[in-house]
Structure formats: C-alpha cells, structure tokens
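Me: Could you take a close look at one part of this model for me? I would like a connected account of the surroundings of one ligand and of the helices there.

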Amino acid sequence: MSALVSTIRATLSYRGREGHWLWLLHRISGLGVLLFLILHVIGMSSAFVSIEIHDRLLEMYKTPPFAIGELFLAFGLIFHAINGTRIAILELKPELWQKQQLATRLSIIVVAALAAPTMLIMAVKSIQAFFGSAH
Ligand code: HEM
Ligand code: HEM
C-alpha cells in the first residue's frame, strides 16, 4: 500500500519528460509482471488440487479479456527487460551518464522493434481464433 501511495505521490510531483514516463512504466510493468507471476503459479498449482479446476482455468484463458491481458503482459515483459537492462548498464557505468538521452531513445526504439511485431502476431492470432471461420 505504501508503495502505491509513494508511486502516486512521486508521479504527481516529479516532472522529467521521457525519464518520468519510463520510470513510471518500469514500476507498473515490474509490479504487473510480478502480479501475473504470482497468479500464474497459483493457477498452475491448481492442478495439484483438481484437474477439473485447472482445465476450467485453461479454458478461461482462451477468452478475449485474457487475450487482451496477454498483450499487456507481452508489452510489459519486453519493456521491463529492455528498459531494466538500460537502467542496470547506466548504474554500472557512470562514464555513460552523458549519453543518457541516447540510451533512452535507443531503448524506446528496441522496445518498439520487439513489441510491435510480437503484439501484432498475438493480436492477429487471437482475432483469427475468436472471429475466424471454424475449421
Ligand atoms: C501467457 C503466457 C504464458 C503461458 C501460456 C504460460 C504457460 C505455462 C504453463 C502451461 C506452465 C506449466 C508447465 C508445466 O508444468 O509443464 C507454466 C509454468 C510456469 N511459468 Fe508460465 N506461461 C506464461 C507466461 C509466464 C511468464 C511471463 C512467466 C514469468 C514471469 C512465467 C513463469 C512460469 C513459472 C515460474 C512456471 C513454473 C510454475 C509452476 O510449476 O507452478 N510464465 N507456464
Ligand atoms: C530481463 C529481465 C529483467 C531486468 C533486466 C530487470 C531489471 C530491473 C531493474 C534494473 C530494476 C530497478 C529499477 C530502478 O532502479 O529504478 C527493476 C525493478 C523491478 N523489477 Fe525487474 N527486471 C527484469 C525482470 C523482472 C521480472 C520477471 C519481474 C517480476 C516477476 C520484475 C519485477 C520488478 C519489480 C517489481 C521491480 C520494482 C519496480 C519499482 O518498484 O519501481 N523484473 N527491474
């Protein structure tokens, strides 16, 4: 809860253009992926309790709301991994601090290059599965 309060407070008070939005997105993506991971492991371990519940969960994952959630998950994972690598490299190498803008732009480009095709393929496959003719 205090993490949420401090995120909201810092979001409202800190003004820093791209760096600000990347910081916020890094936080949301990290917490989002962590939340997914917790639910994912609980969902998978339901197989130990009841195969029926597990099967029903897997069926539920094939519905449109979960397909949309998976798009956010894919973006969140790609963004967090690439942006996190940028943060880690800059923390380890202070001599690169004059090149922060370049690093920020580079990571936005790499995220877009990886996320756009991934999300496009996922969206097309989902649309085909939900609306395509049944074969
Ligand atoms: C929508 C995307 C994903 C699907 C469909 C998926 C599917 C699965 C399945 C079927 C298993 C069970 C494998 C087995 O028992 O043989 C599994 C296990 C696991 N997955 Fe995923 N996964 C996804 C995303 C992720 C992500 C993003 C993470 C990490 C953040 C992750 C972490 C894990 C872990 C740690 C296990 C082992 C947990 C356990 O055995 O209870 N998965 N996943
Ligand atoms: C290639 C994989 C990853 C890299 C390079 C990475 C990198 C980082 C870095 C550098 C930070 C610190 C950011 C800062 O100091 O401002 C961070 C924060 C965080 N990461 Fe990751 N991470 C990765 C995967 C993951 C995964 C799989 C999860 C969740 C299961 C995760 C959850 C988080 C969370 C919750 C935070 C804290 C966010 C915050 O409070 O601002 N990360 N990550």
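Reply: Happy to help; what follows starts at the ligand and then turns to the helices and how they pack. Please keep in mind that this is a predicted model.

Let us begin with ligand 2. There are 13 residues around ligand 2, and those that come nearest are Arg 27, Gly 30, Leu 34, Ala 81 and Gly 84. Two helices, H2 (17-49) and H4 (64-92), each supply at least two residues of this shell. The largest share belongs to H2, with seven residues. Sorted by class, the shell holds seven nonpolar residues, five polar ones and one charged residue.

Now for how these two helices meet. The axes of H2 and H4 come within 9 Å and cross at roughly 125°. An angle over 145 degrees would count as roughly antiparallel and one of 65 to 115 as roughly perpendicular; H2 and H4 are therefore oblique to each other. Their crossing is left-handed. By class, the contact between H2 and H4 has seven nonpolar and eight polar residues, and no charged ones.

The residues involved can be followed helix by helix. On the H2 side, the contact is made by Leu 22, Leu 25, His 26, Ser 29, Gly 30, Gly 32, Val 33 and Phe 36. Facing them from H4 are Leu 73, Gly 76, Leu 77, Phe 79, His 80, Asn 83 and Gly 84. Gly 30 and Gly 84 deserve a second glance: both are listed in this helix contact, and both are also among the residues that come nearest to ligand 2.

H4 has another partner to look at, helix H5 (residues 100-131). The axes of H4 and H5 come within 9 Å and cross at roughly 160°. Angles over 145 degrees count as roughly antiparallel, so that is the description for H4 and H5. The crossing of H4 and H5 is right-handed, whereas that of H2 and H4 is left-handed. In the contact of H4 with H5 there are 18 nonpolar, five polar and two charged residues.

One last stop on H2 is Ser 45, which is found in that helix. Ser 45 counts as exposed because it has 10 C-beta neighbours inside 10 Å, and the cut-off for exposed is 12 or fewer. From C-alpha to C-alpha, Ser 45 lies 36 Å from Ser 107, and the two are 62 residues apart in sequence.

Notes. Residues are numbered from 1 along each chain as its sequence is written. Chains are lettered from A and ligands numbered from 1 in the order in which they are written. This is a predicted model: local features need pLDDT of at least 70, side-chain atom pairs count only at pLDDT 80 or more; totals for chains, interfaces and linings use all residues. A residue is near a molecule or strand if its C-beta atom, placed from the backbone, lies within 6 Å of it. Helices (H or I, at least four residues) and strands (E, at least two) are DSSP runs, numbered from the N terminus. Ala, Val, Leu, Ile, Met, Phe, Trp, Tyr, Cys and Pro count as nonpolar, Asp, Glu, Lys and Arg as charged, and the others, Gly among them, as polar. A residue is buried if 20 or more other C-beta atoms lie within 10 Å of its own, exposed if 12 or fewer, and partly exposed in between; C-beta atoms are placed from the backbone. Axes are lines fitted to C-alpha atoms, for helices over the stretch in contact, and angles run from 0 to 180 degrees between N-to-C directions. Angles under 35 degrees count as roughly parallel, over 145 as roughly antiparallel, 65 to 115 as roughly perpendicular and the rest as oblique. A crossing is left-handed if the near helix is turned anticlockwise from the far one by less than a right angle, and right-handed if clockwise. Two residues are in contact if their C-beta atoms, placed from the backbone, lie within 7 Å.
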